[in-house]
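User: Please take a close look at the side-chain contacts and charge pairs in this model. Then go through the neighbouring parts in one connected account.

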Amino acid sequence: MSDYKDTISYWGNVFNKVKARTLTSEKSGYEAIDLALDWLSEETTTILDFGCGSGALLAYLAKRKAGYYYGIDLSENAIALAKELFKQNNLEQGVFIHGSVEKLKTFDEGSIDGVILSNLLDNVIPTDALNILNEVDRLLRKDGKLFIKLNAFFNQEAIKEAQFKKIEEDFYLEP
């Protein structure tokens, strides 16, 4: 996987400033996200969130139903926050792992019912995105579920206005 030192540093700083909170509901407050989580929770017991950040999506799922919830993230601070979020909300079924795509290789083939890739595939180098998708394909059971959330679309005018730096074709670094 490519070098993401700047990304790790950025998100480490972000998650260092965030505190775990008590969740008062199984709902995130975003209708589209909640519909996706409702769908993902049906007929699944083992969910993996790759690039889990604070672990919030897994926590909302864990509040919906008992199961096994795994989160992997490059940021050690994100993993610490996810662990604290589950602890603070008495959600015991969360396992959070610091690492990258190599950690996906530690899961058995077909062992996962559902995978979350939220704001991840459009934030990695395209070859890394393909590597991640290949691993997810290996991990998902037959008829498993994949929830992909992408960031908002920016047209060329908006990209220029925001002064995004072009890294490769259709792949930009946000300032």
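Analyst: Threonine 44 touches Lys65, Asp113, Arg141 and Lys145, leaving aside residues up to four places away in sequence (contact means heavy atoms within 4.5 Å). The model is predicted, so local features need pLDDT of at least 70 and side-chain atom pairs count only at pLDDT 80 or more, while totals for chains, interfaces and linings use all residues. Numbering runs from 1 along each chain as its sequence is written, and side-chain values use heavy atoms, without hydrogens or water.

Threonine 44 sits in the loop between helix H2 (31-41) and strand S1 (46-50) (helices, H or I of at least four residues, and strands, E of at least two, are DSSP runs numbered from the N terminus). With a relative accessible area of 2%, threonine 44 is buried (buried is under 20%, exposed over 50%, partly exposed in between, with a 1.4 Å probe and protein chains only).

Helix H2 also holds one end of a charge pair: aspartate 38 forms a salt bridge with arginine 64, with 2.8 Å between the closest N and O atoms (a side-chain nitrogen of Lys or Arg within 4 Å of a carboxyl oxygen of Asp or Glu). This pair links distant parts of the chain, as aspartate 38 is in helix H2 and arginine 64 in helix H3, 26 residues apart. The two ends differ in cover: aspartate 38 is partly exposed at 24% relative accessible area, whereas arginine 64 is buried at 15%. Both belong to a network of salt bridges that links Lys27, Asp34, Asp38 and Arg64. Under this rule the count is six salt bridges.

The cover of arginine 64 fits the picture for helix H3 (residues 56-64), which is mostly covered, with eight of its nine residues buried. Besides Arg64, the buried residues of H3 are Ala56, Leu57, Leu58, Ala59, Tyr60, Leu61 and Ala62.

Glutamate 135 takes part in two further pairs. Lysine 105 forms a salt bridge with glutamate 135, the closest N and O atoms being 3.4 Å apart. Here, too, distant parts of the chain are linked: lysine 105 is in the loop between helix H5 (101-104) and strand S4 (112-118), glutamate 135 is in helix H6, and 30 residues separate them. Glutamate 135 also meets arginine 138 in a salt bridge, at 3.0 Å from N to O. That pair stays inside helix H6, three residues apart, or about one turn of the helix. Glutamate 135 is buried at 10% relative accessible area, while both partners are partly exposed, lysine 105 at 46% and arginine 138 at 24%.

Helix H6 also contributes to a nonpolar surface patch of about 410 Å², made by Leu130, Leu133, Leu146, Ile148 and Leu150. Helix H6 (126-139) and strand S5 (140-149) are the elements that give two or more residues to the patch. Leucine 146 lies in strand S5 and is partly exposed, with a relative accessible area of 30%. Patch residues have over 30% relative accessible area and no salt bridge, with like charges joined within 9 Å and nonpolar side chains (Val, Leu, Ile, Met, Phe, Trp, Tyr) within 5 Å; areas come from the Shrake-Rupley method with a 1.4 Å probe, only the protein chains shown counting as cover.
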